[in-house]
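Q: I've got a model open and I'd like to learn how to read it feature by feature. Can you walk me through it?

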Amino acid sequence: MRALELSHPWGTENLKMVEQADPTPGKGEVVVKMRTISLNFRDTAIIAKGGYSAGAADAPPIIPFSDGCGIVAAIGEGVRRVAVGDRVSTLFFPNWQAGPPTPDKRDGPLGSPGAPGAARELALFPETAVSKVPDYLTDEELATLPCAALTAWRAMFVDARLEPGDTVVLQGTGGVSIFGLQFAKAAGLRTIITSSSDEKLARATVLGATHTVNYKDVPDWHRPVRKLTGGRGADFIMEVGGAGTLIESLKSVRMAGHIAVIGVLTDASAPPAKLSASVMIATAAKVQGLSVGSREMFEAMCRALTLHRIRPVVDRVLPWTDARLAVEEMARGSHFGKIVLTFDS
């Protein structure tokens, strides 16, 4: 079988196609014939410079990408969760089945050393690392669920426990924020979307955004957020910028509101946020960092997707042999929603 392999010194030029032996499932394992892969910001960081858990110069090669969809081709002894022929999604954290996060549960995310990712024609996984998925979605749509969709779902409904009528600010129009918009619309939430692109804001409006703010035109975007909420502030902020936007989020959130820190898009170009204890005390807000979620959360999210017939927004589809191009497109940030790769039929 073929697989994509990434090695030091990283960079898209070191993302290469290699031949590997076809896997055979052992006890508790499954082989999945992969059909689609979806890209996340994490993938650009890993591939470009070995970020996250990819490691240093002496790190071994990895098979990248955490998110994918495929068909179970073979199962090992004792497998009960899935059967041959089932369509399944990968799970970002194979060891996190339920409950709150712990170091052990979050160990070995897919696409990192020791946990080969989705970029292989035949993928061997523990049965705990895949989950059956909604029938009504396409392979391309299903590939978008494991990371971006689950991150938005957990942030809004597991951690923040938002209720109908609450106001949420969603930064940008990448995968997590667009899923957040779709979930918010289904749940009866009021949404404020920020972006530097009027074109993307117009597309967000079509998807159901209540209000939009161009942060390039209005860099102190906490002001329109406060105005739109009658001075109260938003109940929830999806914080994807990191150092460059956290202060604005703190100025935008209501007292005792919730800020979900899920991204670091501006950290490389922005100075560290000038936080102080007095700012944190004044907001009385909960600022929570989070990374994806558990199998239990994923399955609950899939039930909600099915109930509301939510269809993920796929920006573009490329063959998996064009993975280098896809990563470069992702890094440029021109996408609205998700970029997906498809395997040969």
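**Charged pairs, a sheet and packed helices**

A: Let's begin with one side chain: Arg332 counts as exposed, at 54% relative accessibility. Keep in mind that this is a predicted model.

Q: Which residue does Arg332 meet in a salt bridge?

A: The general idea is that side chains of opposite charge can pair when their charged atoms come close. Here the partner is Glu329, with N to O at 2.5 Å. Both sit in helix 10 (residues 323–332), and because they are 3 residues apart there, about one helical turn separates them. Glu329 is buried, since its relative accessible area of 17% is under 20%.

Q: Which residues are linked in a network of salt bridges with Glu329 and Arg332?

A: Asp315 and Arg316 are linked with them in that network. For the whole model, the count comes to 13 salt bridges.

Q: Which distant parts of the chain does the Arg2 pair link?

A: First the pair itself: Arg2 forms a salt bridge with Asp344, and the closest N and O atoms are 2.4 Å apart. Arg2 belongs to strand 1 (residues 2–6), while Asp344 is in the segment after strand 15 (338–342), so to speak a link across 342 residues. Arg2 is partly exposed at 22% relative accessible area, and Asp344 is partly exposed at 42%.

Q: What about Arg254, which residue does it pair with?

A: Arg254 forms a salt bridge with Asp235, the closest N and O atoms being 2.6 Å apart. This pair also links distant parts of the chain, with Arg254 in strand 12 (residues 253–261) and Asp235 in strand 11 (residues 234–239), 19 residues apart. Asp235 counts as buried, at 6% relative accessibility.

Q: Strands 11 and 12 keep coming up. What is the order of the strands in the open sheet?

A: Read the order from one edge across to the other. In this open sheet of 6 strands it goes 10-9-8-11-12-13, and the pairing is parallel. Strand 10 (211–214) and strand 13 (286–289) are the edge strands, each pairing on one side only. On average, neighbouring strands are turned by 15° against each other, direction ignored.

Q: How many bridges join strand 12 to strand 13?

A: There are 4, and the two strands run parallel. To see one of them, pick Ala260: its bridge partner in strand 13 is Gln288.

Q: Which strands does helix 3 touch as it packs on the sheet?

A: Helix 3 (residues 145–159) touches strand 11, strand 12 and strand 13. The direction of helix 3 makes about 155° with that of strand 11.

Q: Now for two helices. At what angle do the axes of helix 3 and helix 4 cross?

A: Two packed helices are described by the angle between their axes and the distance between the axes. For helix 3 and helix 4 (residues 175–187), the axes come within 8 Å and cross at roughly 50°. The two are therefore oblique to each other, and their crossing is right-handed. The residues that meet include Trp153 and Phe157 in helix 3, with Phe179 and Phe183 among those in helix 4.

Q: How do helix 3 and helix 9 pack, at what angle?

A: At about 90°, with the axes of helix 3 and helix 9 (residues 295–308) 10 Å apart. That makes helix 3 roughly perpendicular to helix 9. Among the contact residues are Leu145, Leu150 and Val158 of helix 3, and Phe298, Met301 and Leu305 of helix 9.

Q: Any backbone oddities? Which residues does a cis peptide bond join?

A: For that, look at omega: the bond joining His8 and Pro9 is cis, with omega about 10°. Pro9 lies in the loop between strand 1 and strand 2 (15–19).

Q: And is Phe65, with its positive phi, buried or exposed?

A: Buried, with a relative accessible area of 1%. Phi is about 75° at Phe65, although this residue is not a glycine, and Phe65 is found in the loop between helix 1 (41–49) and strand 4 (67–75). Ala256, which is not a glycine either, has a positive phi of about 65°. Ala256 is found in strand 12 and is partly exposed, at 48% relative accessible area.

Technical notes. Residues are numbered from 1 along each chain as its sequence is written. This is a predicted model: local features need pLDDT of at least 70, side-chain atom pairs count only at pLDDT 80 or more; totals for chains, interfaces and linings use all residues. Side-chain values use heavy atoms; hydrogens and water are left out. A salt bridge is a side-chain nitrogen of Lys or Arg within 4 Å of a carboxyl oxygen of Asp or Glu. Buried means under 20% relative accessible area, exposed over 50%, partly exposed in between (1.4 Å probe, protein chains only). Two strands pair if DSSP finds at least two bridges between them. Axes are lines fitted to C-alpha atoms, for helices over the stretch in contact, and angles run from 0 to 180 degrees between N-to-C directions. Contact means heavy atoms within 4.5 Å. Angles under 35 degrees count as roughly parallel, over 145 as roughly antiparallel, 65 to 115 as roughly perpendicular and the rest as oblique. A crossing is left-handed if the near helix is turned anticlockwise from the far one by less than a right angle, and right-handed if clockwise.
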